[in-house]
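Work through the exercises below with the structure open. Try each task before you read its solution.

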Amino acid sequence: MSAAAPKSVESPSLEPSCRDTAAHALTVVRDGVITGEGPTTKGRVHFSRSLDADDTAWCTRILTATAVNDQPVSRAEAEALFEINEAATERTDGGRFDDLLAKAVAHYAASASGLKVPPRSVALSAESEIESWAPSYAAKVNSEMLEWIAGQMRGKRQNNRRLMAMVATFLGATALPLAGQLPNVFDIGM
């Protein structure tokens, strides 16, 4: 991560107090990615439609803030991450955002399927492998969650290989009825 990663969330509007305000703060990051302007881009050169290590650090800080750390990732937060993923046509973060998106979506899907999830600081950490906490969930994620994930990925310009691999793992274990629909969403033969 870049030098900006350790700084605290400076803007009160970006300091989440709940999952709703975290989702809103992620839309501020999305807007900065789209325009290259705003509170998440201050003090640095940021091109529109680009996502860099600082943007990913903002997302990580927002998602792992103390107020939301022990709560599962919400659908609104996951949707905001999908929007950031779609908005960023250029990536210079070394794949960290793709990893964060896959882990956040897995966290949401597992939780929404009624499964216990680890704190966000553990589940979303760059040092934590998704397989260390998600493999037992694969057989238990409900098909509605898989359909939602597929819907988020359908027709999108940005392919997140990490997320596709996670979905393929879930599919292999649980969603044979969906298998006929998903080739239209992505090519599992990565």
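**Exercise 1. A helix pair**

In which hand does α3 pass α6 in their crossing?

Solution. Keep in mind that this is a predicted model.
- Step 1: Know what to look for. Two packed helices are described by the angle between their axes and the distance between the axes.
- Step 2: Find the pair. α3 covers residues 75–87, and helix α6 covers residues 143–153.
- Step 3: Take the geometry. The two pack at an angle of about 25°, with their axes 11 Å apart.
- Step 4: Classify the angle. Angles under 35 degrees count as roughly parallel, so α3 and α6 are roughly parallel to each other.
- Step 5: Read the hand. α3 passes α6 in a right-handed crossing.
- Step 6: List the contacts. Arg75, Ala78, Glu79 and Phe82 of α3 meet Met145, Trp148, Gln152 and Met153 of α6.

**Exercise 2. A second pair**

Describe how α2 and α4 pack, and name the residues that meet.

Solution.
- Step 1: α2 spans residues 53–63. Helix α4 spans residues 96–112.
- Step 2: Their packing angle is about 25°, and their axes lie 9 Å apart.
- Step 3: α2 and α4 are therefore roughly parallel to each other.
- Step 4: Their crossing is left-handed.
- Step 5: From α2, Thr56, Cys59, Thr60 and Leu63 meet Arg96, Phe97 and Leu100 of α4.

**Exercise 3. Two cysteines and a tryptophan**

Sort cysteine 18, cysteine 59 and tryptophan 58 as buried, partly exposed or exposed.

Solution.
- Step 1: Set the cut-offs. Buried means under 20% relative accessible area, and exposed means over 50%.
- Step 2: Cysteine 18 has 29% relative accessibility, so it counts as partly exposed.
- Step 3: Cysteine 59 has a relative accessible area of 0%, so it is buried.
- Step 4: Tryptophan 58 is at 3%, so it counts as buried.
- Step 5: Place tryptophan 58. It sits in helix α2. Its C-alpha atom is separated by 8.9 Å from that of leucine 14, 44 residues apart along the chain.
- Step 6: Check for disulfides. The structure holds zero.

**Exercise 4. Helix α1**

Check the span of helix α1, then find what its buried residues pack against.

Solution.
- Step 1: α1 runs over residues 19–35, 17 residues in total.
- Step 2: At 1.5 Å a residue, the expected span is 24 Å. The end C-alpha atoms are 24 Å apart, which agrees.
- Step 3: The buried residues of α1 include Ala22, Leu26, Val29 and Val33.
- Step 4: The buried residues of α1 pack against β1 (50–52), α2 and α3.
- Step 5: Look just past α1. Glycine 36 takes a positive phi of about 80° there.

Conventions: Residues numbered from 1 in each chain as written. Predicted model: local features only at pLDDT ≥ 70, side-chain atom pairs only at ≥ 80, totals over all residues. Heavy atoms only, no water. Helix = DSSP H or I, 4+ residues; strand = E, 2+ residues; numbered from the N terminus. Buried < 20%, exposed > 50% of the residue type's maximum accessible area, 1.4 Å probe, protein only. Expected span 1.5 Å × (residues − 1). Contact = heavy atoms within 4.5 Å. Disulfide = S-S within 2.5 Å. Axes fitted to C-alpha atoms, helices over the stretch in contact; angles between N-to-C directions. Parallel < 35°, antiparallel > 145°, perpendicular 65-115°, else oblique. Left-handed = near helix turned anticlockwise from the far one by under 90°.
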